[in-house]
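The following exercises concern one protein chain. Please consult the sequence and the structure while working through each solution.

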Amino acid sequence: MLTTMDENDVGAGKPGETEKARFDAELGQSSDIGIFKDGLKVQHPEPTADPLDPLNWSRWRKHTILAIVMYLYFMFTYITTNTVPSFPELQEELDISYSQVNWTVAIPALGLALGPLFWSSLADIYGRRIIFLAGTLIAFAATIGAGAANNYGGYMAARFFQGFGVSPGSTVGMAVIMDLYFEYERGQKLGLWVLAIDTGLLVGPIIGGFIDLVSADWIQWLTAIQFAVLLGLEFVFMSETLYPRTYMLARMPIVIPGAVDLEKLAEQKGNPAAVELKRTTNLTLLNIRPVPGLRHPKPWDSLIRFMLTFKFPVVVIIVTTYCFVWYWWMLSVITMIPAAYVQYSPQVQGLLFIGLLLGTLFSEVFASGTLSDFIVAKLARKNHGVRLPEMRLWLAYPAALLSAIGLIIWGISIDRGYHWMVGQIAFFLFGAGIQMGNTVTASYVVDCYPLQSMSVITFYAVLINLSAFINP
């Protein structure tokens with residue numbers, strides 16, 4: 001039986017084998033297993049008959065965990081932009097310039113960029129759940145610190161650790177989605193996951209504008225409450241999803257509906273209850289030991305893998321282009337809104353983000369993950385049932401066009417003093433294009449190297465947040 005091995009589930013490896021050699025070998029892994037969905041062959045990952053396998057969990061449990069992942073990823077960008085409407089108050093309270101106050105948005109992005117290099121390998125060792133809990137706890141404590149800070153240095157330090165704490169929402173959040181869903185389901189789920197980060201980016205200023213009526217500090221106190229709620233949801237509802245698939249596939253049947261007699265195969269291969277290995281929901285509530293049944297990376301392996309990803313020009317070109325040529329403009333626009341609409345109050349400035357939000361939502365519902373899956377499925381049928389990552393790229397063309405048109409219209413509307421509604425239409429187009437582009441980029445790089453999803457998404461997360469950090 002051929003088995004598919006991912007980067008966290010690949011056996012012990014040879015003594016002295018370098019991380020580079022394992023990285024190259026894992027990229028070459030493939031599977032010939034025949035699992036079919038809508039007449040198309042799905043190769044990854046291989047499910048088992050184990051009820052503790054996350055692929056076999058109920059839709060309710062999967063969607064609950066997905067919602068928690070999206071909540072954390074929402075906070076990923078929410079914390080960076082919810083303070084934008086309070087820039088004048090922060091300037092006065094901290095006695096800083098407009099340039100300095102812009103850096104209060106950039107410094108959390110630095111934490112968001114460095115965090116994945118720290119958390120990713122730990123999530124492959126100790127599991128996803130404990131990393132989510134630890135990161136959210138750090139973000140919660142840092143948010144309290146930001147609310148209580150009375151000087152620029154203290155405020156900036158707290159803002160950095162806000163970003164560092166919430167950063168597992170990117171790479172570890174992606175890993176959770178990969179643990180829960182088959183390849184043919186991931187386009188839609190990735191679209192929802194990307195929607196969370198884009199929505200947080202745009203909802204933050206809307207909420208921040210109204211909370212600023214109370215005070216700039218209360219923006220942080222509300223954020224602390226949101227992190228406390230998230231921490232409770234993670235503790236109660238988030239099960240461990242890191243699963244020793246290779247270990248279990250050697251002892252359990254593969255689920256191929258209609259292809260084999262699972263009961264007979266189960267008798268030959270063993271009963272899941274007879275496997276004593278603790279896994280997923282059988283682990284302790286706060287598991288602080290390495291998850292058994294897996295080859296565990298070194299804590300610094302995520303940094304090595306990040307550097308090795310530069311070997312693959314496909315990932316480097318598309319991620320660098322999106323982050324520094326495309327997405328970079330999103331934060332540029334957001335931080336310029338207070339200066340562009342200086343005649344309006346912070347509350348009205350917050351409402352001006354609605355155009356971006358509506359464009360993002362419209363794009364996700366009608367033109368992102370689900371449409372991407374549809375296009376790939378249709379093209380795959382014409383290609384004798386074989387899916388190719390490049391099929392994801394067709395949506396990049398309308399996405400780039402919409403973003404460019406929206407950005408140009410907005411710039412002209414500000415330069416010539418057009419009615420604010422013109423800017424909202426431009427924001428709608430711009431937001432729709434950014435959302436489509438984000439979904440295309442994330443889906444494409446994962447489809448190119450599905451067995452290295454953590455590595456490519458770490459690369460993506462680091463670069464997209466470095467682009468936000470250098471923006472000011």
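**Exercise 1.** Determine whether Cys323 is buried or exposed.

*Solution.* Cys323 counts as buried because its relative accessibility is 0%; buried means under 20% relative accessible area and exposed over 50%, with partly exposed in between (1.4 Å probe, protein chains only). The model is predicted: local features need pLDDT of at least 70, side-chain atom pairs count only at pLDDT 80 or more, and totals for chains, interfaces and linings use all residues. Residues are numbered from 1 along each chain as its sequence is written, and side-chain values use heavy atoms, leaving out hydrogens and water.

**Exercise 2.** Establish which residues Cys323 is in contact with, leaving aside neighbours within four places in sequence.

*Solution.* First, locate Cys323 in helix α13 (residues 313-340); helices are DSSP runs of H or I with at least four residues, numbered from the N terminus. Next, apply the contact criterion, heavy atoms within 4.5 Å. The partners are Trp328, Tyr460, Leu463, Ile464 and Ser467.

**Exercise 3.** Identify the network of salt bridges that includes Arg128.

*Solution.* A salt bridge requires a side-chain nitrogen of Lys or Arg within 4 Å of a carboxyl oxygen of Asp or Glu. Step one: Asp124 and Arg128 satisfy this at 2.8 Å, N to O. Step two: Arg128 also pairs with Asp179, with the closest N and O atoms 2.9 Å apart. This second pair links helix α5 (residues 128-148) to helix α7 (residues 168-180). Asp124, Arg128 and Asp179 are therefore linked in a network, by the salt-bridge criterion.

How values were computed:
Helix = DSSP H or I, 4+ residues; strand = E, 2+ residues; numbered from the N terminus.
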